[in-house]
Amino acid sequence: MSIEATIMGYFHEYDAKARALYPAYAARPIPKVTFFAKGRTNGWAKYGSWEVKFNTHNASQVPEEFRNTVSHEIAHMVDYALRGRSGHDRIWKAIHRTLGGTGTRCSQYGITVKRGRVKNEYLYRNAAGAEVWCGPKHHAAMRRGKIEGIRIRSGEKFMPSDWTGKHRTLS
Ligand SMILES: [Zn+2]
């Protein structure tokens with residue numbers, strides 16, 4: 001299956017879930033889905049053109065994790081349908097979680113692949129269930145006790161003991 005087809009599969013799954021849960025979203029047309037293949041951003045929600053855009057290059061690196069990107073952007077569309085605006089605040093987070101997402105912002109689980117360079121990332125999960133893939137610098141600093149923990153822009157904190165033991169290699 002092509003990566004576009006995989007993304008469309010996720011999209012229809014989360015769009016249907018959102019329509020069942022949120023009448024204000026269900027009253028709107030199904031968003032247009034478009035693709036791009038460059039840069040670090042995994043996805044965008046564009047309210048004016050009622051469109052969601054996904055990075056096929058990043059998606060192809062870790063297809064299963066891209067579910068979170070798709071539900072992330074749909075949560076923005078739902079949020080916009082409900083409030084006429086959207087951010088990464090508590091309301092958006094709550095919506096994202098009802099769709100099965102982690103409630104983390106775009107860049108935080110961002111797949112920051114540099115072509116030709118191998119990068120290890122380490123999965124942390126805190127007591128609240130939030131997850132983040134941590135880069136090698138922060139991971140090493142946490143393992144060595146040089147930093148007490150990290151805080152991501154959504155406000156979630158992760159302690160050295162939150163490391164799941166899982167890591168992945170992006171290349
Ligand atoms: Zn976002």
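Which residues have the most contacts inside the largest nonpolar core? I began my notes with that question, bearing in mind throughout that this is a predicted model.

**Entry 1: the cores**

I found that the largest nonpolar core has 20 residues, and that Ile7, Tyr14, Ala18, Val70, Ile74 and Val78 are those with the most contacts inside it. When I looked up where the residues of this core come from, I noted that α1 (3–21), β3, α4 (66–83) and α5 (90–98) each supply at least two of them, and that α4 gives the most, with six residues. I then listed a second, separate core of seven residues, which includes Tyr124, Val132, Trp133 and Phe158.

Going back to Val78, I set aside its neighbours within four places in sequence and found Val78 in contact with Ala18, Tyr22, Tyr25 and Ile95.

**Entry 2: the overall fold**

I counted six helices and eight strands in the chain, and reading from the N terminus I wrote down their order as α-α-β-β-β-α-α-α-β-β-α-β-β-β. The radius of gyration came out at 16 Å, close to the 16 Å that the globule rule gives for 171 residues, so I recorded the chain as being as compact as a globular protein of that length. Along its principal axes, the C-alpha trace spans about 50 × 35 × 25 Å.

Of the 171 residues, I noted that 33% count as buried. I also looked at how contacts are spread along the sequence: among those between residues at least 6 apart, 57% join residues at least 24 apart.

For the domains, I took the bounds from the assignment, which gives domain 1 as 3–98 and domain 2 as 119–170, and I found their C-alpha centres to lie 25 Å apart.

**Entry 3: the three-stranded sheet**

In what order do the three strands of the open sheet lie? I read the order as β1-β3-β2, with mixed pairing, and I noted β1 (32–36) and β2 as the edge strands, each of which pairs on one side only. The twist averages 20° from one strand to the next.

Taking the two pairings in turn, I saw that β1 and β3 run parallel and are joined by five bridges, with Phe35 standing opposite Phe54 in β3. On the other side, β2 and β3 pair in the antiparallel sense over four bridges, and there the bridge partner of Ala45 in β3 is Val52.

I then followed the side chains along β2 and found that they alternate, with Gly43 and Ala45 pointing to one face and buried, while Trp44 and Lys46 point to the other face and are not buried. As for the helix that packs here, I noted that α4 lies across β2 and β3, running at about 15° to β2.

**Entry 4: Trp50 in the hairpin**

I looked up Trp50 next, and placed it in the loop between β2 (43–46) and β3 (51–55). In this hairpin, which has four residues between the strands, Trp50 takes a positive phi near 50°, and I marked this as a positive value in a residue other than glycine. With 15 other C-beta atoms within 10 Å, Trp50 is partly exposed.

**Entry 5: two more loop residues**

Is Leu99 buried or exposed? I located Leu99 in the loop between α5 and β4 (119–125), and found it buried, because it has 22 other C-beta atoms within 10 Å, where 20 or more are needed. Leaving aside its neighbours within four places in sequence, I listed Leu99 as in contact with Tyr14, Lys17, Ala18, Ser71, Ile74 and Ala75, and I recall that Tyr14, Ala18 and Ile74 are among the residues with the most contacts inside the largest nonpolar core. For a distance along the chain, I took Leu99 and Ile30, 69 residues apart, and found their C-alpha atoms separated by 16 Å.

By way of contrast, I turned to Glu148, found in the loop between α6 (136–143) and β6 (150–151). Glu148 counts as exposed, because it has 11 C-beta neighbours inside 10 Å and the cut-off is 12 or fewer. The C-alpha atoms of Glu148 and Lys166, 18 residues apart along the chain, are separated by 20 Å.

Technical notes. Residues are numbered from 1 along each chain as its sequence is written. This is a predicted model: local features need pLDDT of at least 70, side-chain atom pairs count only at pLDDT 80 or more; totals for chains, interfaces and linings use all residues. The radius of gyration is taken over C-alpha atoms; the globule rule is 2.2 Å times the number of residues to the power 0.38. Two residues are in contact if their C-beta atoms, placed from the backbone, lie within 7 Å. Domain bounds come from an automatic or database domain assignment. A nonpolar core is a set of buried Ala, Val, Leu, Ile, Met, Phe, Trp, Tyr and Cys residues joined through C-beta atoms within 7 Å. Two strands pair if DSSP finds at least two bridges between them. Axes are lines fitted to C-alpha atoms, for helices over the stretch in contact, and angles run from 0 to 180 degrees between N-to-C directions.
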